[in-house]
Amino acid sequence: MSANDLFGLWVQVQFILLGCLTLIDFIRHRDKTRLDIALMFGSLAMLFLIQTLEEATRVQLKWIDTIGIIALITQPIFMLRLVQYFRPVPTLLMRFAWIGLAVSSIAFIMADYFSRTGALIALLAIIGYFVALEGYAALSFVRGVAETSGSVRHRLRFAAAGSGLLALALLNLAFGGLIPDLADIFTSIVLLAAIGSGLAFYVGFAPPRGL
């Protein structure tokens, strides 16, 4: 097993566990904040859960893969909902986010009908939508750090780091598509950034009691 394979397995297990933990936490306490946290982690976990089940059963269905990708694309929407607990998100930006989600989902579904260049452009557009919203979330959390104190300040720092690392992972995914000769290097960065993002999100949004 290569290092990238090992990191990839770590990413899958990490996000599935985080999705399960935050879902259980919501079921136990049932409040709006925990629901939004569970939805954010669940949107990330869905794709990895599908991949894991496909690897275990050796059955791959395109429509199920599509559900997983669309679930991933919804993550920035749920992230903006979490930002709203600390500061208002402009209505125009939320509209852009929903339009971006719709366009990105349609582009991914229709990607098989595109030329290779068209498919790459669609992928870059989807990544651009994702990175723009994650970047906004990261900056919002950074601004929140300056306006709060105590444990909330520390949690916002980790939330900002999680959003920034996730944006970094997606950017390197784009670089890997643009520069195939360096794809392995960019894949390693993507996986390491994803691992760091998941851990930072967990500390920021759903830290264990002891921490």
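Two helices count as roughly parallel when the angle between them is under 35 degrees. Keep that cut-off in mind. One more thing before we start: this is a predicted model.

Let's take helix α4, residues 75–83, and its partner α6. At what angle do they pack? About 15°, with their axes 9 Å apart. That angle falls under the cut-off, so α4 and α6 are roughly parallel to each other. The crossing of α4 past α6 is left-handed.

Who makes the contact? From α4, we have Gln-75, Pro-76, Ile-77, Met-79, Leu-80 and Val-83. From α6, the partners include Tyr-129, Phe-130, Leu-133 and Phe-141. Sort the residues of this contact by class and you get 11 nonpolar, 2 polar and 1 charged.

Now the start of the chain. Helix α1 covers residues 3–29, and helix α2 covers residues 32–57. Their axes come within 7 Å and cross at roughly 140°. That makes α1 oblique to α2. Here too, the crossing is left-handed.

Look at the residues that meet. Among those in α1 are Val-11, Phe-15, Leu-18, Asp-25 and His-29. Among those in α2 are Arg-34, Leu-35, Phe-41, Phe-48 and Glu-55. By class, the contact of α1 with α2 holds 14 nonpolar, 6 polar and 3 charged residues.

Next, pockets. How much space lies in the largest one? About 820 Å³. There are 31 residues lining this pocket. Closest to its centre are Leu-47, Gln-51, Ile-69, Leu-72 and Leu-173. We have already met Gln-51: this α2 residue is part of the contact with α1.

Which elements give two or more residues to that lining? They are α1, α2, α3 (62–73), α5 (91–109), α6 (116–147), α7 (150–178) and α8 (183–205). The lining has 25 nonpolar, 3 polar and 3 charged residues.

On to the second largest pocket. Its volume is about 450 Å³. It has 16 lining residues, and nearest the centre lie Asp-25, His-29, Arg-34, Ala-206 and Pro-207. Three of those names should ring a bell. Asp-25 and His-29 in α1, and Arg-34 in α2, belong to the contact between these helices.

The elements giving two or more residues here are α1, α2 and α8. Which one gives the most? That is α1, with 6 residues. By class, this lining divides into 8 nonpolar, 3 polar and 5 charged.

To wrap up, α4 and α6 are roughly parallel, while α1 is oblique to α2. Both α1 and α2 help line the largest pocket, and both help line the second largest.

Technical notes: Residues numbered from 1 in each chain as written. Predicted model: local features only at pLDDT ≥ 70, side-chain atom pairs only at ≥ 80, totals over all residues. Heavy atoms only, no water. Axes fitted to C-alpha atoms, helices over the stretch in contact; angles between N-to-C directions. Helix = DSSP H or I, 4+ residues; strand = E, 2+ residues; numbered from the N terminus. Parallel < 35°, antiparallel > 145°, perpendicular 65-115°, else oblique. Left-handed = near helix turned anticlockwise from the far one by under 90°. Contact = heavy atoms within 4.5 Å. Nonpolar A, V, L, I, M, F, W, Y, C, P; charged D, E, K, R; others polar. 1 Å grid on protein atoms, 1.4 Å probe; cavity = no way out; pocket = protein on both sides within 12 Å on 5 of 7 lines; lining within 4 Å. Points joined across faces, edges and corners; volume = space filled by probe spheres on them.
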